[in-house]
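Colleague: I'm new to this one. Could you walk me through how to read the ligand site and the empty spaces?

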Amino acid sequence: MRRPNWKSNDKTAVGKGATAQQFFATVGGDKLEIEVAPWGEGQLKVNGREIARVTDAKDRRQAFQDLDKAAERYLSASGANKEPSMIPPVRAKLLEDKRGLIVGIANENSIAWGCAKAFRAFGAEVAVTYLNDKAKKYVEPLARELDSPIVMPLDVNAPGQMEAVFKRIEEEWGKLDFLVHSIAFSPKEALHGRVVDVDRAGFLTTMDVSCWTFIRMAHLAEPLMRKGGTLFTMTYYGSQMVVKNYNIMGVAKAALECTVRYLAAELGPKGIRVHAISPGPLATRAASGIPEFDALLDKAKAKAPAKSLVSIDDVGVATAFLAHDAAKLITGETLYIDGGYHIID
Ligand SMILES: NC(=O)c1ccc[n+]([C@@H]2O[C@H](COP(=O)([O-])OP(=O)(O)OC[C@H]3O[C@@H](n4cnc5c(N)ncnc54)[C@H](O)[C@@H]3O)[C@@H](O)[C@H]2O)c1
């Protein structure tokens with residue numbers, strides 16, 4: 001893993017009677033530069049182009065830490081053996097004026113984080129949620145990178161939290177243009193056993209968190225999407241085919257994909273589009289709960305026509321495209337972002 005070796009220059013006088021500090025590093029052919037101000041603002045540039053910005057860190061040190069992490073992510077995404085990210089490093093204006101809610105960022109490996117980065121890079125404003133206090137410390141620095149004006153707790157099992165998030169969005173934005181639902185859960189005993197053995201509680205919890213919450217979020221989003229909008233949820237090929245070890249989650253994803261079609265039909269007349277995004281396997285925390293996941297990754301790479309695994313950034317840019325007005329007549333889809341895996345026998 002390439003890491004920047006930061007060297008600081010003398011402090012530079014800036015506004016507010018204080019000084020900003022600059023740090024420089026060269027990694028491979030890339031010239032990296034971080035500038036941080038004492039009140040917690042800062043930016044990261046690579047070869048003169050802005051890659052990340054923080055506006056509300058606690059202080060200079062925290063701003064530097066956030067930007068150093070952003071630099072690490074940039075370097076790992078552009079590593080020699082990886083394809084460069086499709087997310088534009090400079091903010092593009094494709095989704096300017098759009099505001100959306102992204103649910104499901106646990107850490108920087110989350111599919112929801114790939115989506116959040118892409119939507120933000122295309123100019124949208126994003127609200128994000130975190131599961132609980134434990135998750136907060138991982139999500140907060142990411143939210144700062146996104147300049148998220150709304151960062152709230154959301155455990156879908158906690159009564160009232162979902163409603164509180166939508167209420168805040170209504171108060172602060174008065175509208176919502178897109179929603180990314182990127183959460184799923186199944187108790188271990190249910191997920192690891194045969195479908196034929198799943199008990200009622202395991203079935204209901206799996207369906208509740210992984211499917212019903214999307215219905216509920218769509219219900220709460222509908223009145224905020226007065227001028228239309230796009231609702232997204234994340235699914236997986238194990239809904240269509242029996243994938244070893246996917247078990248009861250496959251059943252929930254089949255219900256979720258069907259839900260997408262019904263919601264698309266019901267909400268279409270209001271200009272609200274609904275999609276399921278079906279990424280190939282990605283090594284996230286949720287995926288670590290699936291036994292023999294490495295074998296699934298190997299198979300995905302070998303069988304996909306693209307001969308490549310997908311990244312969260314790939315998923316993010318394709319999802320963001322569907323939120324653009326150019327995609328206004330596409331709805332009810334299950335969009336595979338899997339290098340073509342699903343078309344091969
Ligand atoms: N990783 C893969 O290979 C893969 C492939 C296809 C689809 N998906 C789907 O993508 C989505 C995101 O998963 P991921 O792989 O990014 O993993 P992840 O662990 O990063 O994200 C899962 C998210 O679900 C959230 N969650 C779980 N229970 C919750 C609850 N009670 N309330 C609120 N949030 C809750 C977690 O906090 C976490 O943020 C899931 O729907 C998953 O099934 C994943």
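Modeller: Sure, we'll go through the ligand, its pocket and then the cavities. This is a predicted model, where local features need pLDDT of at least 70, side-chain atom pairs count only at pLDDT 80 or more, and totals for chains, interfaces and linings use all residues. Residues are numbered from 1 along each chain as its sequence is written, and side-chain values use heavy atoms, with hydrogens and water left out.

Colleague: How many residues surround the ligand?

Modeller: A residue is near a molecule if one of its heavy atoms lies within 4 Å of it. Here 27 residues surround the ligand, and Ser110, Ile111, Lys253, Leu282 and Thr284 are the closest. That shell splits into 17 nonpolar, 7 polar and 3 charged residues. For these classes, Ala, Val, Leu, Ile, Met, Phe, Trp, Tyr, Cys and Pro count as nonpolar, Asp, Glu, Lys and Arg as charged, and the others, Gly among them, as polar.

Colleague: Which side chain has an N or O atom 2.9 Å from an oxygen atom of the ligand?

Modeller: A polar contact with the ligand is a pair of N or O atoms within 3.5 Å. The side chain you want belongs to Lys253, with an N or O atom 2.9 Å from a ligand oxygen. Backbone atoms join in too: a ligand nitrogen is 2.9 Å from a polar backbone atom of Val156, and a ligand oxygen is 3.4 Å from one of Ala106. Taken alone, the ligand exposes 820 Å², and the protein buries 92% of that (Shrake-Rupley method, 1.4 Å probe).

Colleague: Where does the ligand sit?

Modeller: On a 1 Å grid over the protein atoms alone, a pocket is an open set of points with protein on both sides within 12 Å along at least five of seven lines, whereas a cavity is a set where a 1.4 Å probe fits but cannot get out; lining residues have an atom within 4 Å of a point. A molecule sits in one if more than half of its atoms lie within 2 Å of its grid points. This ligand sits in the second largest pocket, which holds about 1,400 Å³ of space. Its lining has 46 residues, with Ile183, Ala184, Phe185, Arg285 and Ala286 nearest the centre.

Colleague: And what lines the largest cavity?

Modeller: Its lining includes Tyr236, Tyr237, Pro281 and Asp338, and its volume is about 80 Å³. By class, that lining has 8 nonpolar, 2 polar and 1 charged residues. The second largest cavity has about 30 Å³ of space, and Ser308, Leu309 and Val310 are among its lining residues.

Definitions and conventions. Polar contact = N/O pair within 3.5 Å; in protein donor to acceptor, adjacent residues only side chain to side chain. Points joined across faces, edges and corners; volume = space filled by probe spheres on them.
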